[in-house]
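Student: Please take a close look at one part of this model for me. I would like the sheet in one chain first, and then how the chains touch.

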Amino acid sequence: MSSSIAKSSQPPIEIMRRPGRIQLTYWQGVRRRLSRDPISMVCAGILVLMIAAAIFAPWVAPMDPYKTSMLQRLQPIGTAGHLLGTDELGRDMLSRLIYGGRVSLLMGLLPIAIATLIGSAFGIVAGFFGGKTNMVIMRITDVFFAFPSVLLAVGLAGALGAGLVNCLVSLAVVFTRAITRVAESATTQIRNHDFVEAARATGASAPRIIVGHVLTNVSSLILTYASSLISVSIVLASGLSFLGLGIAPPTADWGLMLNSLRQSIFIAPVNAVMPGIMILIASVCFNLLSDGLRTAMEVKP
Amino acid sequence: MTAARPGPENRPSPPLLDVRELSVRFFLGGTALGAVSGVDFQLALGETLCLLGESGAGKTVTMRALIRLLPPTAQIAGHIMLDGIDVMGLDANGLQAVRGTKVSMIFQDPLTAMDPVFTIGSQIAETVVCHDGLSYSAARVRALELLDLVQIPSARRRLDAYPHELSGGLRQRAMIALALSCRPKLLLADEPTTALDATVQIQILLLLRELQRELGMATIFVTHDLGVACEVADRVAVMYAGRFVETGTITEVIDSPRHPYTIGLLGSTVHAGTHNGLLTPIPGAPPDLSDMPPGCAFAPRCPRVVPVCNERMPELVEFEAGRQARCPRITETEIA
Amino acid sequence: MNSASATAERRARSLSGPGNRVEEDRPVLSVHELKKYFRLSGGPFGAARGYVQAVDGVNFSVSKGETLGVVGESGCGKSTTARLLIRLIKPDQGRILLDGQDVDGPNGISVRALRHQVQMVFQDSYASLNPRHTAAEEVSFGLSAQGVARFEARRRANEVLDLVGLEPRVFADRYPHELSGGQRQRVNIARALALNPRVLILDEAVSSLDKSVEAQVLNLLIDIKKRLGLTYVFISHDLNVVQFVSDRVLVMYLGKVVEIGPVEKVYRSTGHPYTRALIESRLSMDPRRRIAAPPVAGDLPSPINPPSGCRFRTRCPIVEPICGIQEPPLEVVGDDPLHVAACHALAPRSGHSLAPARISQTSSLSGA
């Protein structure tokens, strides 16, 4: 009887797999493809350097970022003792840039991390349960969407007052709404697939299905989108600091530095744009890395 | 190389379509995938050829290669003569002149094959205006004639309908009308009834048969369904892994199949006579085109395999007039 | 007079649902007056624009160990019925009974308990398996969700994969994109079998497979059914496949049951004009005996506004005025009380010109 039931007649495992190929999980495949992309690797390298410098700033920075010197104001690049010159109060530019990275990069990454957690939770719940739950969550999100992001950030920061934490909060709110939408739409797509129905049919509870089936499929979409927002967050945070709604001086922060160097733009233009260049490099690297991540995630092994 | 088959009038006429050594390769990320290899056939006016095979057999790719409707990653090689025109030598303008006029195609899913923002009347009229140079109002009259030809009820009202407003069967008829608008000599049909319900499918198949008779077109049908082949085909070419494995008239192939794949296909098709038994399926699965075995592509699944099958690809041999098969064992008298 | 009461009893029994004989085999699954309408929103504030009458008063039962085939074309409600049976969708009206007990009823069993006994095999679309799960993970998910320990769930998954012909050593750790269509469908079947159900609902389980693979999977399904003593509800649009696997057949049209009966009776002595049209629409396998004219004209009406009375009347070859006025009840076809069809031409004194004059002279349409 078994002979006519055609056991799936595949040759044994040794022949089936191409020689040298080991079984990869999805994330291992993503990592492997990402590591083969030169642009992503270069950007990742630069970012790692920046972040490491920021974390180990006390050991990496050559001088004290707060030490002013009226005699050494706006020194150009290459001045003895100041590799990148000094700012308008005579503080070492390189050290301030390194210390500034702490705040600016933090303001880029942390709001996104928070927004991803909260936004995904809302979006997945809205997408999975549909109906009234979906309506309530998404309409509230729509209310937040009614405001342009910069305006919303400025408004919230203004209402909460300046300071690191308030800035973080307002940025997190701005990005949560976008991630909620992306998570909801991704979940709605997955929700109707047969394998989710099959999981329901086996009697699995909703949290079980969300964790076991939905999350594994939407996480790549959400992560790709979230990573593309990091650069926006850096720029937005710098903008808030520029407007005086973020960190207060004399803390080093790239946006703040742009503001305070603004008046010197005709006198020492190179010095004035240096913080802007750092913002640019960080944003571009995050963007390119995010692109690379998306490509790596899309391809099936 | 088969001689030109006589047309239905039994008078030798030059074939409308003459295909020799057609092969299609896809280039994906540096590697080449051979989708179709060494396809030869001829088709006369009024004849219907069915390309029969399962998924991955290369039948759709073959058909699309005839009018070079393939993505840029595809490389077509070979010789295609259509009504005296060398299709491989045409430039973009030449291709555009041929498509829609000499040869037309109908697709499996009319909803995606027609533009959703234009009414079917305007889509048909647009084709007529573009190819035949008629005025728009004359083209609309022709569109109405065509809708009547494909037996769409209330045709005048339907001229102004959008594709999504029509039911599946009506949409398919509209697509057929669109394809016939410039009186093509060759009609290519890519699984046109697969997505339709049974009662509608038979209507469309009979319509196509009737139209083909009336207008004297040559038709190529791509299908995986043996029943469709039995209903519409004069000749059938069974494809497996990009090659023809058996050809002949439909009656000959159904009555006395020679290639083990064809035999297996007939044995595993569920039809009215198979109740209360077990089917005899073909073991294994269709091959992965990127990982083909040396020798005959069907050898891993073949019940009659012998060592020579794994050494090299068998030739397509004409063992009777108009009958070909690609198997070294067909010349044996007994079917072991 | 004796014959009148005997035939009246016969009619009453047949009309209460085939296979529902009280003293004999109690049906495993039975369905009474099942209704499901889908709202079409589109008016202001999402008000209902209309209702799709997907399933409109369906009655049938499934006996232990049989295969009930369900056929129909698009819009007939067979997929919706499948999902109602396993309670993936909640019915608007009607009851589902498992072993005679109401599902989700006041004194009956819970939906959760239903799902221990009734499982579903889906059509092999690419989305029938989670692309991020291996075969073993997918099959064991249901078990883990029920609280089974991971090791045990994995062991059971391997056991079931072996049962469907996929050697666990080779296939357990493969992802769906590394499997062929037939293999994916076997995983689908394994997933359904993992929880040891008694009833399998197969919704177009072989429809998207190549013909050679379809035959393999059909053989597998038949083998498993015998080995495990299962009961099948086999839904398909392909009449040949349904005839091949089924013991009894149910034909649906636009949300209604139009015919039920033993498979040979339905296919050979057809009662309903629609069933006959479906059967005659099957493509012939003989090129010398091609179909000359389409058995039925026109397209399926929209399920939003189905025709009044008998829903098939807009395409029926023997339509008469009574058909538009009154919905036909299920009437016995021929002399087998288990074979019924909903057609006025079978109902005595219905007003249809072909209807028999007296109850004892019911006859099928095959001779008409």
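Tutor: What follows starts with the sheet of chain B and then moves out to the contacts with its neighbours.

This is a predicted model. It scores ipTM 0.83 and pTM 0.82.

Start with the chain that holds the sheet. Chain B has 11 helices and 12 strands. Its C-alpha atoms fill a box of roughly 65 × 50 × 50 Å along the principal axes. A compact globule of 336 residues would have a radius of gyration near 20 Å, and chain B has 21 Å, so the two agree. Buried residues account for 46% of the 336 residues in chain B. Take the contacts in chain B between residues at least 6 apart in sequence: 63% of them join residues at least 24 apart.

Now the sheet itself. It is open, has eight strands and runs in the order E6-E7-E8-E3-E9-E10-E12-E11 in chain B. The pairing is mixed. Which strands stand at the edges? They are strand E6 (103–106) and strand E11 (317–320) of chain B. Each has a single partner strand, so one side of each is left without a neighbour in the sheet. From one strand to the next, the twist averages 20°.

Look closer at the E11(B) edge. E11(B) is joined to strand E12 (residues 323–325) of chain B by three bridges. The two run antiparallel. Within this pair, B:Glu318 stands opposite B:Gln324 in E12(B).

Next, the contact between chain B and chain C. Here 36 residues of chain B meet 36 residues of chain C. On the chain B side, the elements giving two or more residues are helices: H7 (168–180), H8 (198–215), H9 (226–232), H10 (250–255) and H11 (260–268) of chain B. H8(B) gives the most, with six residues. By type, this side of chain B divides into 19 nonpolar, 14 polar and three charged residues.

Chain C also touches chain A. That contact takes 31 residues from chain C and 29 residues from chain A. Several elements give two or more residues to the chain C side, among them helix H3 (111–117), strand E6 (118–121) and helix H8 (211–228) of chain C. H8(C) gives the most, with four residues. This side of chain C divides into 12 nonpolar, 11 polar and eight charged residues.

Strand E6 of chain C deserves its own look. It pairs with strand E7 (residues 199–203) of chain C in the parallel sense, over four bridges. C:Val118 stands opposite C:Val199 in E7(C). In a regular strand, side chains alternate between the two faces of the sheet. In E6(C), C:Val118 and C:Met120 point one way, while C:Gln119 and C:Val121 point the other way. All four of these residues are buried.

Last, confidence in chain C. Its mean pLDDT is 85, and 88% of its residues reach 70 or more. Over residues 1–24 of chain C, however, the pLDDT is below 50. That stretch has 25 contacts in the model beyond near neighbours in sequence. Residues 361–368 of chain C also stay under 50. For them the model has 21 contacts beyond four places in sequence.

Terms used:
Residues numbered from 1 in each chain as written. Chains lettered and ligands numbered in written order. Predicted model: local features only at pLDDT ≥ 70, side-chain atom pairs only at ≥ 80, totals over all residues. pLDDT = per-residue confidence, 0-100. Contact = placed C-beta atoms within 7 Å. Nonpolar A, V, L, I, M, F, W, Y, C, P; charged D, E, K, R; others polar. Pairing = 2+ DSSP bridges. Axes fitted to C-alpha atoms, helices over the stretch in contact; angles between N-to-C directions. Rg over C-alpha atoms; globule rule 2.2 N^0.38 Å. Buried ≥ 20, exposed ≤ 12 C-beta atoms within 10 Å, placed from the backbone.
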